[in-house]
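Biologist: Please take a close look at one part of this model. I would like the surface patch first, then what lies around it.

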Amino acid sequence: MKNEMSIELNLVALSFVLLFVSRGKAQSTDGVFDVTKYGAKPGTDISQALLKAWKEACASTTQSKVIIPKASYQLTGVDLVGPCKSPIGIEFQGTLQAPIDPTGEGWVNFKYIDHFSLTGGGVFDGQGKLAWEKNDCGQNPNCAQFPMSLKFSFITNSIVSEITSKDSKNFHVFVLGCNNLTFEHVTIDAPGHSINTDGIHIGRSNEVNVLSTRIGTGDDCISLGDGSKHVTINNVTCGPGHGISVGSLGRYTVEEPVEGIIVKNCTFTNTDNGVRIKTWPASPTPGTATNMHYEDIIMVNVSNPILIDQEYCPYNQCNKKIPSKVKISKVSFKNIRGSSANALAVKIICSSDFPCEGVEIADIDLTYNGSEGPITSQCSNVKPIISGKQNPPACSSVAPIASPPTA
């Protein structure tokens, strides 16, 4: 009898152990980790639940997926860090709201992950209105930095698709040190007055693709910083915003070359710029930007449809009388058509110390219906290769010599 009771007690104890183990591995069924199983509830902060689900999914030896179901949640901020043991994804169906108070450097940070996917149709709501009202970076070089919404650092062989970034406090998407990363069918949405809210900023990354994406924001729709290499931007609509920009380059001492940029089949509507390359004068060290090609572009009432500006100096923070040391070469503008908001529609202002080389202008057809006079173009320190239709006539005037900066 005693032995039978002992066996029964051992079986009961074993059943508790097995139950505990099954709950500890939790919450996964066939590699699926649902944040609601880790305590996430609509209307509450799910930072800890998301971190727990991510940690277990990342440790899985088989392909895993974290699910954020369709509902509205709060998120203080998270760092989702690899490396993970197997391919991992997040299926984000709901809405995540950032804290209204604009503090910190980053809100949702993805780091050191290989074979990662982020998809699901969800919305990252940065709630940036208060940050835009407080932003004084244009006048104050020591201004407070507000958090970027989504940061992708050292991500490889990955895809981000079918998600929305809304009203970011700072950059919507920041890409650094990534390789073979694709953004496809992404929506970025913020008003034109949202300050310093670049849609997607890419820096020191290789083989980044932005495809079939809609961006409306208060700064560059896409900006390409130093070290951007082999970037393809295809079928992107931009507006409002400041266009698609390479740069600014040449402001800092240690900058990596930019090369292999393709911008194709894009539409710009009511933007400050269309396709733009910008470098600072008085560069501390030489730099290069080469092999950049823009083709099959539509402009709709764009203020500066085609622009190379090697005298970029916002808020007079530099000396325009000292030429830029960034060498621009192998640039083509082909089949660009539509309407300009200004009479001066094409402006190619290169460095007098490092003139642009290998610039090709082909099949440009832009119109202007304002009162400033006929549509024109302006060039300096460049001898472009010109072919096909040219409206306005290519390099019809010489750009004036830069005036010294004001106080």
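**The nonpolar patch and its surroundings**

Modeller: This is a predicted model. Val81, Tyr112 and Phe154 make up a nonpolar patch on the surface. Together they have about 270 Å² of accessible area. Take Phe154. This residue sits in the loop between strand 11 (148-153) and strand 12 (156-161). Its relative accessible area is 37%. Partly exposed covers the range between 20% and 50%, so Phe154 counts as partly exposed.

Now follow strand 12 to Ser161. Ser161 has 14% relative accessibility, under the 20% limit, so it is buried. Beyond its neighbours within four places in sequence, Ser161 contacts Leu118, Thr119, Gly120, Glu184, His185 and Val186.

Next, the core. In soluble globular proteins, nonpolar side chains tend to be buried together. The largest nonpolar core here has 92 residues. Phe110, Phe152, Phe183 and Phe333 touch the most other members. Setting aside residues up to four places away in sequence, Phe110 touches Leu80, Ile90, Phe116, Leu118, Leu150, Lys151, Phe152, Ser153 and Ile155.

Then the sheet. It is open, has 12 strands, and its pairing is parallel. The order is 5-8-11-14-17-19-21-24-26-28-30-32. Strand 5 (78-81) and strand 32 (397-398) are the edges, each pairing on one side only. Further along, strand 28 (residues 344-349) pairs with strand 30 (residues 376-380) in the parallel sense over five bridges. Ile349 has Ser380 in strand 30 as its bridge partner.

Terms used:
Residues numbered from 1 in each chain as written. Predicted model: local features only at pLDDT ≥ 70, side-chain atom pairs only at ≥ 80, totals over all residues. Heavy atoms only, no water. Patch = residues over 30% accessible without salt bridge, like charges linked within 9 Å, V, L, I, M, F, W, Y side chains within 5 Å. Areas by Shrake-Rupley, 256 points an atom, 1.4 Å probe, with all protein chains shown as cover. Salt bridge = Lys/Arg side-chain N within 4 Å of Asp/Glu carboxyl O. Helix = DSSP H or I, 4+ residues; strand = E, 2+ residues; numbered from the N terminus. Buried < 20%, exposed > 50% of the residue type's maximum accessible area, 1.4 Å probe, protein only. Core = buried A, V, L, I, M, F, W, Y, C linked by side-chain atoms within 4.5 Å. Contact = heavy atoms within 4.5 Å. Pairing = 2+ DSSP bridges.
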